[in-house]
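Colleague: Please walk me through one part of this model up close. I'd like the helices and what they pack against, in plain bench language.

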Amino acid sequence: MTSLRIFAVGGLISFRALFHWLAPSIYIPSLVVAPLFQILLFAYIGRSAGLASDEFYVVGNAIQYAAIPCLFAMTNIVGGEKFQQTLGAILVSPAPRLPLFFGRAVPVVVNGAFVAAFALLAGTIVLGVDIPASAIPSLAVVILVAAFSCTGLGLITAALALRVRETAVLTNILFGFLLIFTGANIPLDDLPGWMQNVSDVLPFTHAIAAARELADGASLTSVLDLIGEELLIGLVYAVLGYSLLRFFEIQGRRHATLDRS
Amino acid sequence: MNALRLIGVGWLFQFKQLSRSAFDSFLAVLWPLFFATIAFFMFRQGGDPDSLIYAGLGAAVMGIWTATSVAAGSALQRERWYGTLEILVAAPAHFSLILIPIGLATASIGVYCMVTTLLWGRVLFGIDFPVEEPLALAVAIPATLLSIGALGFLIAVAFARYRYSWALGSMMEYPIWLICGFLVPLTLLPDWVPPISWSLAPTWGMNAIREASTGGTPLPDIAMCFALGAAYVTIGVLLTNSVLRAARANASLSLT
């Protein structure tokens with residue numbers, strides 16, 4: 001019961017307290033307006049270069065933009081506590097770590113999915129992209145899985161925040177890599193072989209591919225394999241991230257370096 | 001003379017300070033490279049070498065704006081965090097002489113971005129950037145930096161009363177990239193957009209650098225950079241007076 005309380009209540013309070021972007025004055029410019037302009041930028045570059053349709057860029061960038069809320073919010077699990085000087089108090093508490101960390105991930109997934117869904121909606125309206133109404137429930141599933149997958153990666157950045165001071169730089173760099181490697185703007189076939197190999201193990205790659213097929217009228221069952229791969233990637237990152245969090249926590253205790261960075 | 005000295009010393013101080021910040025220098029250089037890489041891939045697919053040069057020069061100038069928009073937008077908030085804002089406002093020098101060097105310093109960080117992006121395009125994508133008019137290019141680049149720096153100053157003043165000014169500065173990054181013709185010709189944008197673009201110095205700076213590089217007529221664009229830069233500074237100085245008057249009257253400078 002205590003674990004459940006830590007998971008649900010602790011997670012929600014932590015998200016509200018640490019993810020400063022929830023203030024409308026940050027949320028609207030950063031998570032509502034910016035993704036729309038990212039979509040417009042690449043859609044117009046695509047038109048200028050005479051490449052793919054607007055739909056390609058709307059779907060790719062809307063889903064990829066979930067990286068901003070997912071990576072930043074997860075990193076703030078540690079970075080925010082450190083900044084507010086509460087990290088020591090959290091880590092000295094006997095609270096079980098699994099619900100402590102994963103409870104904080106749930107609101108992040110929901111928020112990331114909302115940001116991506118809103119960007120997709122706004123992008124389709126502004127650019128006049130036609131996505132069949134029947135695809136909307138399936139797209140919602142894909143977006144949720146994509147947000148989960150990226151939040152898994154966010155757990156790794158959260159762990160690294162125990163060691164790295166400039167977490168904003170770290171998460172921005174990861175965002176940039178995801179923008180290039182996940183096929184959000186460059187078709188995967190046009191990337192060099194080694195980049196395609198990297199793409200295969202990154203969040204969003206399979207979700208974006210699945211969403212594009214759904215937007216073209218495919219059924220949910222026909223993209224289940226892609227969704228499954230995306231889910232698996234997210235799980236692997238989550239496990240890795242949790243293990244790293246535990247490892248750096250133990251190292252931090254051993255060497256008295258929790259607040260060093 | 002004192003004003004020029006203050007601007008010069010202020011620029012050097014701010015430039016050094018920004019150069020020490022991983023966020024304002026390292027990331028500012030790296031960030032446009034991600035977008036440049038995507039643009040290079042996209043335009044390379046198109047198969048037209050001219051469009052690749054077009055994209056390469058655009059991506060290089062994008063970095064100047066990136067370095068300016070966030071750092072200048074959050075300039076006053078940064079001084080608040082440092083606890084130096086009140087001291088700077090109370091100093092006998094006009095506050096705009098403190099802010100102008102900040103705008104110029106942020107734009108100057110863009111030189112790193114520009115050089116890095118051009119090297120990136122040359123080494124990894126084999127883009128051979130032409131320099132048809134070196135003298136004009138040598139004038140066009142500083143003119144672009146100065147005018148974007150002046151815009152940075154105006155942004156810094158305009159966002160003075162906004163606690164989360166960095167978010168607004170960050171939000172302005174994509175729109176300016178889009179509407180100033182860095183990677184997308186203005187002719188492709190809706191008819192109502194180009195008049196907005198023409199009021200923005202980055203549009204003319206971009207044109208000037210392209211014209212000087214590929215052999216055109218950069219002088220009118222350079223002149224527009226200087227004219228718009230002067231306009232931004234004038235508006236910024238007037239706005240500074242107004243913002244400071246209101247902040248003093250309402251005791252709201254610290255936004256606490």
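Modeller: Right after H2(A) comes Gly50(A), and its phi is positive, near 70 degrees. Keep in mind that this is a predicted model, where local features need pLDDT of at least 70 and side-chain atom pairs count only at pLDDT 80 or more, while totals for chains, interfaces and linings use all residues. Residues are numbered from 1 along each chain as its sequence is written, and chains are lettered from A and ligands numbered from 1 in the order in which they are written. Helix names come from DSSP runs numbered from the N terminus (H or I, at least four residues; strands are E, at least two).

Back to H2(A) itself: residues 24-49 make up its 26 residues, and from first C-alpha to last it reaches 36 Å, close to the 38 Å expected at 1.5 Å a residue (that is, 1.5 Å times one less than the number of residues). H2(A) has a kink of about 35 degrees at Ala34(A), shortly before the proline Pro35(A); the bend is the angle between axes fitted to the seven residues ending there and the seven starting there.

Now the partner chain. In chain A, 30 residues are in contact with 30 residues of chain B, where contact means C-beta atoms, placed from the backbone, within 7 Å. On the chain A side, the elements giving two or more residues are H2 and helix H8 (167-181). H2(A) gives the most, with 16 residues. By class, that side of chain A has 18 nonpolar, nine polar and three charged residues (Ala, Val, Leu, Ile, Met, Phe, Trp, Tyr, Cys and Pro count as nonpolar, Asp, Glu, Lys and Arg as charged, the others, Gly among them, as polar).

Further along chain A, have a look at H4(A), residues 67-83. Its axis and that of H6(A), residues 97-127, come within 9 Å and cross at roughly 160 degrees (axes are lines fitted to C-alpha atoms over the stretch in contact, with angles from 0 to 180 degrees between N-to-C directions). That makes H4(A) roughly antiparallel to H6(A); the label needs over 145 degrees, with under 35 for roughly parallel, 65 to 115 for roughly perpendicular and the rest oblique. The crossing is right-handed, as when the near helix is turned clockwise from the far one by less than a right angle (anticlockwise would be left-handed). Residues of H4(A) in this contact include Pro69(A), Ala73(A) and Met74(A), and those they meet in H6(A) include Phe101(A), Arg104(A) and Val108(A). The contact has nine nonpolar, two polar and one charged residues.

H6(A) has 31 residues that should span 45 Å at 1.5 Å a residue, and its end C-alpha atoms are 45 Å apart, so the two agree. Just after it, Gly128(A) takes a positive phi of about 65 degrees.

H4(A) also packs against H7(A), residues 136-160, at about 35 degrees with the axes 8 Å apart. This crossing is right-handed. Among the residues that meet are Leu71(A), Thr75(A) and Val78(A) from H4(A), and Cys150(A), Leu153(A) and Gly154(A) from H7(A). By class, there are 11 nonpolar, four polar and no charged residues in it.

Technical notes:
Two residues are in contact if their C-beta atoms, placed from the backbone, lie within 7 Å.
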